[in-house]
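This report is written for a reader who wants the fold and a few selected sites described with explicit cut-offs. Please keep the sequence and the structure in view while reading.

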Amino acid sequence: MADRVELAFRDASSRWEPDERPTLVAVSGGGDSIALLHLTARLRRAAGSAPIVAHLDHGLRRGSGTDRRFVESTARALGLICIADRRPVGPLQRRGESLEEAARRVRRAFLQEAADTHRCGRIALGHT
C-alpha cells in the first residue's frame with residue numbers, strides 16, 4: 001500500500017512527458033535523494049524500465065568516499081546501474097566563481113554527460 005509521500009510523488013511524476021528511456025537519478029546519499037531513488041525505481045519499474053543512478057563526489061568534504069560507497073551499495077541492492085565519479089571542484093573553479101557555483105556547474109556537466117551516455121530521457125534531482 002502506498003503512503004502519502006509515494007502518492008504525492010506519483011501525482012507529481014504523472015506530469016512527466018511519456019518516455020521509454022531511463023531516468024537518471026542524481027543521488028548524493030542524503031535522505032532526500034535516497035527517497036527519490038526508491039520512489040523513482042518503484043515508479044519506473046512499474047512502467048517497465050529501471051532508473052540509472054548517478055553520484056558525483058565533489059571532493060569538498062573529508063570522508064566523501066563513504067557517500068559514494070553507500071550510493072553504489074544502495075544501487076547494487078536495487079539491481080540498478082550506478083555511474084559514480086570524483087571531480088574535485090577546487091581546481092575547476094573559474095575566476096570570480098564561488099565554490100558553490102562551481103560545484104553546481106561541475107555537477108550539471110557530470111549529470112548531462114551521464115544522461116547522454118546512457119540515453120536517459122530525464123534527470124531527476126531531489127533537494128530539501
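The text below goes from the overall fold to the sheet, then to one helix, and finally to three single residues.

## Basis and overall fold

The model is predicted, so local features are given only where pLDDT is at least 70 and side-chain atom pairs only at pLDDT 80 or more, whereas totals for chains, interfaces and linings use all residues. Residues are numbered from 1 along each chain as its sequence is written, and side-chain values use heavy atoms, with hydrogens and water left out.

The secondary structure of the protein chain amounts to four helices and four strands, where helices (H or I, at least four residues) and strands (E, at least two) are DSSP runs numbered from the N terminus. Read from the N terminus, the elements follow the order α-β-α-β-α-β-α-β. The protein chain has 128 residues, of which 38% count as buried; here buried means under 20% relative accessible area, exposed means over 50%, and partly exposed lies in between, with a 1.4 Å probe and protein chains only. Among the contacts in the protein chain with a separation of 6 or more, 71% join residues 24 or more positions apart, a contact being heavy atoms within 4.5 Å.

## The sheet

The four strands form an open, parallel sheet in the order β3-β2-β1-β4, with two strands taken to pair if DSSP finds at least two bridges between them. β3 (82–86) and β4 (122–124) are the edge strands, and each has a single partner, so one side of each is left without a neighbour in the sheet. On average, neighbouring strands of this sheet are turned by 25° against each other, direction ignored. Axes are lines fitted to C-alpha atoms, for helices over the stretch in contact, and angles between N-to-C directions run from 0 to 180 degrees. Helix α4 (residues 99–117) packs on the sheet and touches β1, β2 (52–57), β3 and β4, with its direction at about 150° to that of β2.

Strand β1 (residues 23–26) pairs in the parallel sense with β4 over three bridges, and β1 also pairs with β2 in the parallel sense over three bridges. The residues set opposite each other are listed here.

| Residue in β1 | Opposite residue and its strand |
|---|---|
| Thr23 | Arg122 in β4 |
| Leu24 | Ile123 in β4 |
| Val25 | Val53 in β2 |

From β1, Thr23 and Val25 point one way and Leu24 and Ala26 the other way, and all are buried.

## Helix α3

Helix α3 (residues 64–77) has 14 residues and reaches 20 Å from its first C-alpha to its last, close to the 20 Å expected at 1.5 Å a residue; the expected span is 1.5 Å times one less than the number of residues. Ser64, Val71, Thr74 and Ala75 of α3 are buried. These residues cover an arc of only 100° around the axis, which puts them on the same side of α3, the arc being that of the directions from the helix axis to the C-beta atoms. In general, an α-helix has 3.6 residues a turn, so residues three or four places apart point the same way. On the other side of α3, Arg69, Arg76 and Ala77 are exposed. Just after α3, Gly79 takes a positive phi of about 70°.

## Three buried residues

Arg122 lies in strand β4 and is buried, with a relative accessible area of 15%. The C-alpha atoms of Arg122 and Thr23 are separated by 5.2 Å, although these residues are 99 apart along the chain. The side chains of Arg122 and Thr23 make a polar contact at 3.3 Å. A polar contact is a pair of N or O atoms within 3.5 Å; within protein, one must be able to donate a hydrogen and the other to accept it, and residues adjacent in sequence count only if both atoms are side-chain atoms.

Ser33, found in helix α2 (residues 31–46), counts as buried at 2% relative accessibility. A polar atom of the Ser33 side chain lies 3.0 Å from the backbone nitrogen of Ser28, and a polar atom of that side chain lies 3.3 Å from the backbone nitrogen of Gly29. Leaving aside neighbours within four places in sequence, Ser33 is in contact with Ala26, Val27, Ser28 and Gly126.

Glu97, in the loop between β3 and α4, counts as buried at 14% relative accessibility. Not counting residues up to four places away in sequence, Glu97 touches Leu92, Ala102 and Arg105.
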